[in-house]
Amino acid sequence: MFDVLITGGTIVDGTGKPGYRADLGIVGEKIDAIGDLSQAQARRYIDATGHVVSPGFIDAHVHSDAVLLIDGQHPQGLRQGITTEILGQDGLSYVPSSPENYRMYNHYLSGILGRAPDDLDMSSVTAFKANYHHKTAINIVTNVAHGALRVEACGMYDVPMVGDRLDHAKRLVREGMEQGAVGLATGMSYHPQAWSDTEELIELCKVVAEFDGVYTTHLRDVNPDRGFGGGGVPEALEIGRRSGVKVHFSHTRTAVNTAGQVAELMEQFDEAKDEVDLTLELYPYPTGSSFMLSSMPSQAHNGGPAEIIERLQDADERAVIVAHIEASGKRVVREFVYSHMPLTPELEGLTVPTLSERRGKSFGEVTIDLLLENDLEVGFWGVPPGDINDWKQVSRDAVELLSRTDYMVGSDSIHVGGHPHPRAWGTFPRFLGRLRRQFPIMSLESMVQRMTDNAARRFGLTGRGRLEKDYFADIVVFDADRIIDTATYDDPRQYPIGIPFVIVNGQVAVDQERCTGVMAGQAIP
């Protein structure tokens, strides 16, 4: 007797092999049988005739660390077919944190993550995982977050991590890896991560390498003088060479100014393949999103939120910060949309020029005002290109990049705010539906493999990412002809079409496109 029996579907097992017709039986948390099960009995039957049955999708890069603690049902991820999310990305997360540092960093990160409850234990990977285990509808995986790690070792200050500080940080990384972290994640556009140098990261990654873990990096573009080769790809590759760690590159894609230049983008990576074990990931949109604190000059982040607010209220320091914001063509541009401002929600969805004109102030001054008005909790996303041909080329590039065997999918989703980026609702069905059909570069089976097995193998998620006997029953049933994203930049909170069933650890989490409320998610591996 099966607990769940899925009949009549086409099995796309996550390996990239051609799909085949078969039934699939689940007992408890795991897949018990695949084949002709027409004579079998079950407590629950799911008719998948005309549909694909695939492993649950694994989001290799997502910023749902706080959102899952606030609403564990997480329908915006679950209804995309996502059954596992890898947290701690860009180093923008909470583990490891003492209670005091957690409260401070929780406030600091609120523009990108939202505000998690202040009374949680984030002191270790074990404690972090306990906050999610069987309390969410999806599985979670975590990295040691470089930001939290640096706060624990150095405080929220621009000081070198050497001597006792470095020894302390290395002990924390070791403990985290022993407790089930899959690696160390950093974001070198953000603080305190950007106060590090290459030598610090090499030393930390030597510990990660001992556990066969992964160094996940959002590349340095702040304090480039502290990075080998000026930061960016050269620094990350040097860290891989000298520490022996596996390196995973976050959201590596073309943009409007590099559209069509896939070969040029990949040249550095391909040349390093013999020296560094590397993988990459991307999302299928032409612009990204972030939080407004990241626009400030490096020295302005010293001390954390309380000291930042004091600086923004001081006329002289405010003038310096405004000048930096307005001179920065890389981290802050004029054409973006405010997406998350919980204390002034009526302003969400407005562009910078619009709000600047309304208030009769420069965009730098408006940015500071909004940070103060919202207790630093401000998010934004970039306006998509006006030229549809540019957008189309970037989309085609995304599919071409995903066709490489070293790529996987990371939504980079930021879920907070009244007007979030559409990738938080549409990344996986956009690839699997809209773009797969528009740009027939990849087979369905290959695309599913990139969304499932690639991430499971890379991050050591045992028993996940494939449909095989004794694997965990994380499963998506979708209509290959109908699946499509509906979330748009102007109307982002829209669920996809064509994904009627999602199963997590053997329990039906989405039933006929409705979330069931089951919290079967586990903290893995």
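In this predicted model, the largest nonpolar core brings together 123 residues. If you would like landmarks inside this core, look for Tyr338, Phe431 and Phe478, the residues with the most contacts there. Among the contributors, helix α8, spanning residues 198-210, gives the most, with six residues. Another core lies apart from this one; it has 18 residues, including Ile11, Ala22, Val53 and Tyr471. As background, nonpolar side chains tend to be buried together in soluble globular proteins.

Now let us turn to a pair of helices. Helix α10 covers residues 262-271 and helix α15 covers residues 388-402. The two pack at an angle of about 35 degrees, and their axes are 11 Å apart. Their crossing is right-handed. On the α10 side, the contact is made by Val262, Leu265 and Met266, while α15 brings Asp397, Glu400 and Leu401. Sorted by class, this contact of α10 with α15 has four nonpolar residues and two charged ones, with no polar residues.

Our last stop is a single residue, Asn454, which you can find in helix α18, residues 453-458. Is Asn454 buried or exposed? Its relative accessibility is 13%, and buried means under 20%, so Asn454 counts as buried. What does the side chain of Asn454 reach at 2.7 Å? The partner is the backbone oxygen of Tyr407. The side chain of Asn454 also makes a polar contact with the side chain of Gln449, at 2.8 Å. Setting aside neighbours within four places in sequence, Asn454 is in contact with Thr405, Tyr407, Met408 and Gln449.

How values were computed
Residues are numbered from 1 along each chain as its sequence is written. This is a predicted model: local features need pLDDT of at least 70, side-chain atom pairs count only at pLDDT 80 or more; totals for chains, interfaces and linings use all residues. Side-chain values use heavy atoms; hydrogens and water are left out. Axes are lines fitted to C-alpha atoms, for helices over the stretch in contact, and angles run from 0 to 180 degrees between N-to-C directions. Helices (H or I, at least four residues) and strands (E, at least two) are DSSP runs, numbered from the N terminus. A crossing is left-handed if the near helix is turned anticlockwise from the far one by less than a right angle, and right-handed if clockwise. Contact means heavy atoms within 4.5 Å. Ala, Val, Leu, Ile, Met, Phe, Trp, Tyr, Cys and Pro count as nonpolar, Asp, Glu, Lys and Arg as charged, and the others, Gly among them, as polar. A nonpolar core is a set of buried Ala, Val, Leu, Ile, Met, Phe, Trp, Tyr and Cys residues joined through side-chain atoms within 4.5 Å. Buried means under 20% relative accessible area, exposed over 50%, partly exposed in between (1.4 Å probe, protein chains only). A polar contact is a pair of N or O atoms within 3.5 Å; within protein, one must be able to donate a hydrogen and the other to accept it, and residues adjacent in sequence count only if both atoms are side-chain atoms.
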